[in-house]
Amino acid sequence: MKTRLRFALALAALFTLLAGCTTVQPWERATLADATMRPDRDPLHNAMFEHIYFSCEAATGGRGVGGSGCGCN
Amino acid sequence: MSFPNKFIPALVLGLALACSASGQVKSGQPFPALTGHGLEGTLPDTAGHVVLIDFWATWCAPCKASFPAYTEIQREFAPRGFVLLAVSVDQTAAPYEQFIERFKPAFPTVRDGKQKLISEVRVPAMPTSYLLDRHGIVRSVHSGYHGESTVKALRDEINRLLEEKS
C-alpha cells in the first residue's frame with residue numbers, strides 16, 4: 001500500500017512537471033520574433049555593456065578584443 | 001510484476017504515442033476545407049484548380065521575402081488555371097493591413113486571425129506552402145522559403161500539376 005502511495009505521488013509530481021512543458025508552435029512566435037526580443041538590437045548599448053563588463057571582469061580580449069583589461073580601451 | 005513495473009511501460013507507450021501524433025497535413029492527404037475557419041477576406045474559387053496555399057505572417061521576414069517571387073509565379077501560371085492564396089496568421093489586423101496596403105499583392109490574401117485553420121494544418125515552420133492538385137490533394141509541402149531553390153521547385157511542380165489531366 002505504501003509503495004502504491006509513493007508511486008502515485010511520484011506520478012503526480014511527474015505530471016505536474018510535464019504540464020509545465022509546452023511547445024511554442026511556429027505560428028505562435030509573433031512575440032518571440034519581435035525586434036525587442038533581440039539582445040543585440042541596440043549597437044550602442046552593446047558597446048557600452050561590453051566595455052563595462054570587461055572593465056568589471058578585467059578580462060578584455062575574451063571575445064576577441066585586444067586590450068589589457070584596464071577599462072581604458 | 002509489481003504495480004509500478006506494470007504501469008511504467010504503459011506510461012512510456014502513452015507518452016510516445018502522444019508525442020508522435022502531431023497531426024500535420026502531409027503530402028497525399030486532402031487539404032482541410034478553407035471555409036468554416038472564420039478567415040477574413042475573400043476566398044478565391046479553388047475548385048478544379050491547382051492551388052498554392054502559403055501560410056505567412058508580417059512578423060516573419062522570410063514570409064515577406066517570398067512575396068515578390070510568388071507574385072511572379074501567380075502572373076506566370078494564373079492564366080493556366082493556377083490559384084495562389086496567401087493565408088496570414090497575424091492575430092492583429094493592423095500590421096497585416098499595413099503590409100497589404102504597402103505591397104498590394106497580385107494574389108488573394110486572407111487572414112486567419114483566430115489561427116483556426118493553421119491549428120488544423122499544423123505547419124512545421126513559417127512560412128510553409130502547400131501545393132494542391134485539382135482535386136484538393138496536397139502534392140507537396142514546402143517548409144520555409146529558401147529563395148531560388150524553393151521557387152524553382154514550385155515552378156516545376158506547378159507546371160507538372162497543370163499538365164496533369166483533371
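The following questions and answers concern a predicted model.

Biologist: In which order do the five strands of the open sheet in chain B stand?
Modeller: The pairing in this open sheet is mixed. Strand E3 (109-111) and E5 stand at the edges, each with a single partner strand, so one side of each has no neighbour in the sheet. Averaged over neighbouring strands and ignoring direction, the turn of one against the next is 20°. The order is E3-E2-E1-E4-E5.

Biologist: Which helix of chain B packs on this sheet?
Modeller: The helix touches strand E1 (50-56), strand E2 (82-88), E4 and E5 of chain B. Its direction makes about 170° with that of E5(B). This is helix H6 (residues 148-163).

Biologist: How far apart should the ends of H6(B) be at 1.5 Å a residue, given its 16 residues?
Modeller: The expected span is 1.5 Å times one less than the number of residues. In the model, the end C-alpha atoms of H6(B) are separated by a distance that agrees with this expectation. The expected and the modelled value are both 22 Å.

Biologist: Which residues of H6(B) are buried?
Modeller: A residue counts as buried if 20 or more other C-beta atoms lie within 10 Å of its own. The buried residues of H6(B) pack against E1, helix H3 (67-77), E2, E4 and E5 of chain B. They are B:Leu154, B:Ile158 and B:Leu161.

Biologist: Why are B:Leu154, B:Ile158 and B:Leu161 placed on the same side of H6(B)?
Modeller: B:Glu148, B:Ser149, B:Lys152, B:Asp156 and B:Glu163 are exposed on the other side of H6(B). The buried residues B:Leu154, B:Ile158 and B:Leu161 are placed on the same side because of the arc they cover around the axis, which is only 65°.

Biologist: Which residue of E5(B) does B:Leu131 stand opposite?
Modeller: Strand E4 (residues 128-132) and strand E5 (residues 138-143) of chain B run antiparallel and are joined by five bridges. Their hairpin has five residues between the strands, and B:Gly136 takes a positive phi near 80° there. The residue opposite B:Leu131 is B:Ser140.

Biologist: What is the omega of the peptide bond from B:Met126 to B:Pro127?
Modeller: B:Pro127 lies in the loop between helix H5 (116-121) and E4 of chain B. The bond from B:Met126 to B:Pro127 is cis. Its omega is near -5°.

Biologist: Is B:Lys104 buried or exposed?
Modeller: B:Lys104 belongs to the loop between helix H4 (93-103) and E3 of chain B. Its phi is positive, about 50°, although it is not a glycine. It has 8 C-beta neighbours inside 10 Å, and a residue with 12 or fewer is exposed. Therefore B:Lys104 counts as exposed.

Biologist: How many other C-beta atoms lie within 10 Å of B:Arg122?
Modeller: B:Arg122 is found in the loop between H5 and E4 of chain B. Although it is a residue other than glycine, its phi has a positive value near 55°. B:Arg122 is partly exposed, and the count of other C-beta atoms is 15.

Biologist: How many of the 15 residues of H2(A) are buried?
Modeller: Helix H2 of chain A comprises residues 43-57, and its end C-alpha atoms are 21 Å apart, in agreement with the expected span. This helix is hardly covered. The count of buried residues is one.

How values were computed:
Residues numbered from 1 in each chain as written. Chains lettered and ligands numbered in written order. Predicted model: local features only at pLDDT ≥ 70, side-chain atom pairs only at ≥ 80, totals over all residues. Helix = DSSP H or I, 4+ residues; strand = E, 2+ residues; numbered from the N terminus. Pairing = 2+ DSSP bridges. Axes fitted to C-alpha atoms, helices over the stretch in contact; angles between N-to-C directions. Contact = placed C-beta atoms within 7 Å. Arc of directions from axis to C-beta.
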